[in-house]
Amino acid sequence: RRASTLGAKMDRWRWCMLDAQQRPQLAHGEEEVYTEAGVRLYNGEDVTDFEGDVMLTSVRMVWVGPAAGSARRAMELHLPLVLQVEMQAGGFLMMSSPKLLLRLKAAAHSAAEAVLPPANTSHVKLSFRQGKQAGLDRFQSTLLHLLQEKKWEKVRPLPPLAASAAGVGGAPRPALGVLGIQRQQQQEMQQTDEAMRSALDGDLKSLMGKAKDMVVLAERFAAAAKKREAKAQAAAAAAAA
């Protein structure tokens, strides 16, 4: 059934930022894994107007809508919220698209960050309209693999997109404004700082490993020198006798 409005159930989804190429911004350490086009979102059992591309990363699921003027809108669902994944086959004579039903935990973020206010629903659905069953199968197997890996435990997520930073219908405003630019600069500085720390940590560990090898080598040389000196002293003593 089609909802007359977007309802009040999609509180697990929240708006997220796109980069200059209108693609989801990735956190440091986050990996883009798979994208399926032509996916429509269901608000519980109600179909919504949210149809577009759904990207799976190592941390989250990101829905990106079609271009609307100079901007696209995007929202994210973090993978730790997914409790169970169920497949629903297409309807009579395959006139209905196959769907994935995702049973979810309660939202971890505040209601102000959500696409819609909190409600009692415990699931959302993804309808695979273009790829049909083949697209659903690839998406489901990839999602289950990511849920097993739990790579999000090693990634610091990006700050959420505040409701004030979204335009009508949640679409990001074309102009970020002073606060938006400051927020974007802060994110870039944070990512750069994390990358530099990671590189320094790697270099330090490498140097420490080489230092340990040098200490072991020096100890071996010292032991060999003591043995040679002892043999020389023994030979000298034997010759003097």
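## Helix H2 and its nonpolar patch

Phe221 sits in helix H2, which covers residues 177-240. The model is predicted. Is Phe221 buried or exposed? Its relative accessibility is 56%, so Phe221 counts as exposed.

Phe221 also belongs to a surface patch. Met214 and Leu217 complete the patch. The patch is nonpolar and covers about 340 Å².

## Salt bridges across the structure

Now to charged side chains. Side chains of opposite charge can pair when their charged atoms come close. How many salt bridges does a search of the whole structure find? The search finds 10. Three of them are described below, beginning with Glu76 and Arg14, then Glu30 and Arg60, then Arg40 and Glu51.

## Glu76 and Arg14

Glu76 and Arg14 form a salt bridge through their side chains. The N to O distance is 2.7 Å. This pair links distant parts of the chain. Glu76 lies in strand S5, residues 74-78. Arg14 lies in strand S1, residues 14-15. The two are 62 residues apart.

Are these partners buried or exposed? Glu76 has 5% relative accessibility, so it counts as buried. Arg14 is buried too, with a relative accessible area of 9%. The cut-off for buried is under 20%.

## Glu30 and Arg60

Glu30 pairs with Arg60 in a salt bridge. Their closest N and O atoms are 2.7 Å apart. This pair also links distant parts of the chain. Glu30 is in the loop between S1 and strand S2 (32-43). Arg60 is in strand S4, residues 60-64. They are 30 residues apart.

Glu30 has 8% relative accessibility, so it counts as buried. Arg60 is buried as well, with a relative accessible area of 4%.

Which residues are linked in a network of salt bridges? They are Arg14, Glu30, Arg60 and Glu76.

## Arg40 and Glu51

The side chains of Arg40 and Glu51 meet in a salt bridge. The N to O distance here is 2.6 Å. Arg40 lies in strand S2, and Glu51 lies in strand S3, residues 46-57. The pair therefore ties together parts that are 11 residues apart in sequence.

What about exposure? Arg40 has 10% relative accessibility and counts as buried. Glu51 is partly exposed, because its relative accessible area is 24%. That value falls between the cut-offs for buried, under 20%, and exposed, over 50%.

Notes. Residues numbered from 1 in each chain as written. Predicted model: local features only at pLDDT ≥ 70, side-chain atom pairs only at ≥ 80, totals over all residues. Heavy atoms only, no water. Salt bridge = Lys/Arg side-chain N within 4 Å of Asp/Glu carboxyl O. Helix = DSSP H or I, 4+ residues; strand = E, 2+ residues; numbered from the N terminus. Buried < 20%, exposed > 50% of the residue type's maximum accessible area, 1.4 Å probe, protein only. Patch = residues over 30% accessible without salt bridge, like charges linked within 9 Å, V, L, I, M, F, W, Y side chains within 5 Å. Areas by Shrake-Rupley, 256 points an atom, 1.4 Å probe, with all protein chains shown as cover.
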